[in-house]
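Trainee: I'd like a close look at a single part of this one. Could you walk me through it, starting from one strand and working outwards?

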Amino acid sequence: MLEKFKETKAYPIILLTVVVLVSVTLLMVLNSMTSPVVEARKNAEIIEMLEQIYPQMTDFNYEQEIYTVLDGQEEIGYAFLASGNGYGGEISIMVGLDADLNIKDVSIVSHTETPGLGSRVTGDAFTGQFEGLSAQEVGLSSAGGEIDAISGATISSEAVTSAIKQTMEEKIKVLK
């Protein structure tokens with residue numbers, strides 16, 4: 001009887017359906033087991049970045065996609081994530097603001113830019129230019145801003161600068 005069933009047109013469809021259902025179930029179980037670990041690691045990385053930007057940080061609050069950084073009960077700054085599309089893909093950026101809403105520090109969280117060229121946006125020579133700037137001053141010098149683009153990596157430089165400026169303006173509106 002099994003041999004007769006294997007010769008029918010329904011057999012491959014049923015077999016494929018069973019394989020897909022088992023695969024999807026295994027993927028769902030695996031995802032449910034690993035997602036808390038991935039989330040905890042992501043949170044630990046964010047806390048580490050905040051501690052690098054604000055060494056005196058004792059705590060933080062997270063509301064409306066903005067980290068309010070505290071030293072005891074005193075608000076000492078704010079941080080947020082910005083993202084832009086560079087030459088190689090998405091660039092994710094952590095931006096720290098001081099209490100006066102000027103940039104305290106910028107850190108590239110992740111990117112897929114070309115190694116040795118676009119990836120130079122992660123270096124202090126580029127990110128250090130943002131320190132102390134207000135939202136109005138953020139922009140490439142070729143467009144009237146204060147940031148010098150990396151030679152040969154204009155798309156990456158523009159992506160980072162635009163993402164920071166746009167997101168910073170949005171977050172400042174929320175903070176005020």
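Trainee: Is strand E4 (residues 90-98) largely enclosed by the rest of the structure or not, and how many of its nine residues are buried?

Mentor: Quick ground rules before the strand itself. This is a predicted model, where local features need pLDDT of at least 70, side-chain atom pairs count only at pLDDT 80 or more, and totals for chains, interfaces and linings use all residues. Residues are numbered from 1 along each chain as its sequence is written, and side-chain values use heavy atoms, with hydrogens and water left out.

Now E4: seven of its nine residues are buried, so the strand is largely enclosed by the rest of the structure. Buried here means under 20% relative accessible area, exposed means over 50%, and partly exposed is in between (1.4 Å probe, protein chains only). Strands are DSSP runs of E, at least two residues long, and helices are runs of H or I of at least four, numbered from the N terminus.

Start with the strands that pair with E4; pairing takes at least two DSSP bridges between two strands. Strand E3 (residues 74-85) runs antiparallel to E4, and nine bridges join them. Among the partners, alanine 82 is matched with isoleucine 93 of E4, and phenylalanine 80 with valine 95. The hairpin of E3 and E4 has four residues between the strands, and glycine 89 there takes a positive phi near 140°. Strand E5 (residues 103-110) is also antiparallel to E4, through six bridges, and isoleucine 93 stands opposite isoleucine 108 in E5. That hairpin, of E4 and E5, also has four residues between the strands, with leucine 101 at a positive phi near 70°.

Zoom out and you get an open sheet of five strands in the order E1-E2-E3-E4-E5, with antiparallel pairing. Its edge strands are E1 (59-63) and E5, each pairing on one side only. From one strand to the next, the twist averages 25°. As for what packs here, helix H4 (residues 154-175) sits on the sheet and touches E2, E3, E4 and E5, its direction making about 135° with that of E3. Helix H2 (residues 10-53) lies across E1, strand E2 (66-71), E3, E4 and E5, at about 45° to E4. Those angles run from 0 to 180 degrees between N-to-C directions, with axes as lines fitted to C-alpha atoms, for helices over the stretch in contact.

Then there's the largest nonpolar core, with 28 residues; Ile93, Leu97, Ile103, Phe130, Val160, Ile164 and Met168 have the most contacts inside it. A nonpolar core is a set of buried Ala, Val, Leu, Ile, Met, Phe, Trp, Tyr and Cys residues joined through side-chain atoms within 4.5 Å. E3, E4, E5 and H4 each give two or more residues to this core, and H4 provides the largest share, six residues. Leaving aside neighbours within four places in sequence, leucine 97 is in contact (heavy atoms within 4.5 Å) with ten residues' worth of surroundings that include Tyr54, Ile76, Phe80, Ile103, Met168 and Ile172.Finally, a residue on H4: lysine 171 lies in that helix and is buried, with a relative accessible area of 8%. Lysine 171 touches Phe80, among others, not counting residues up to four places away in sequence.
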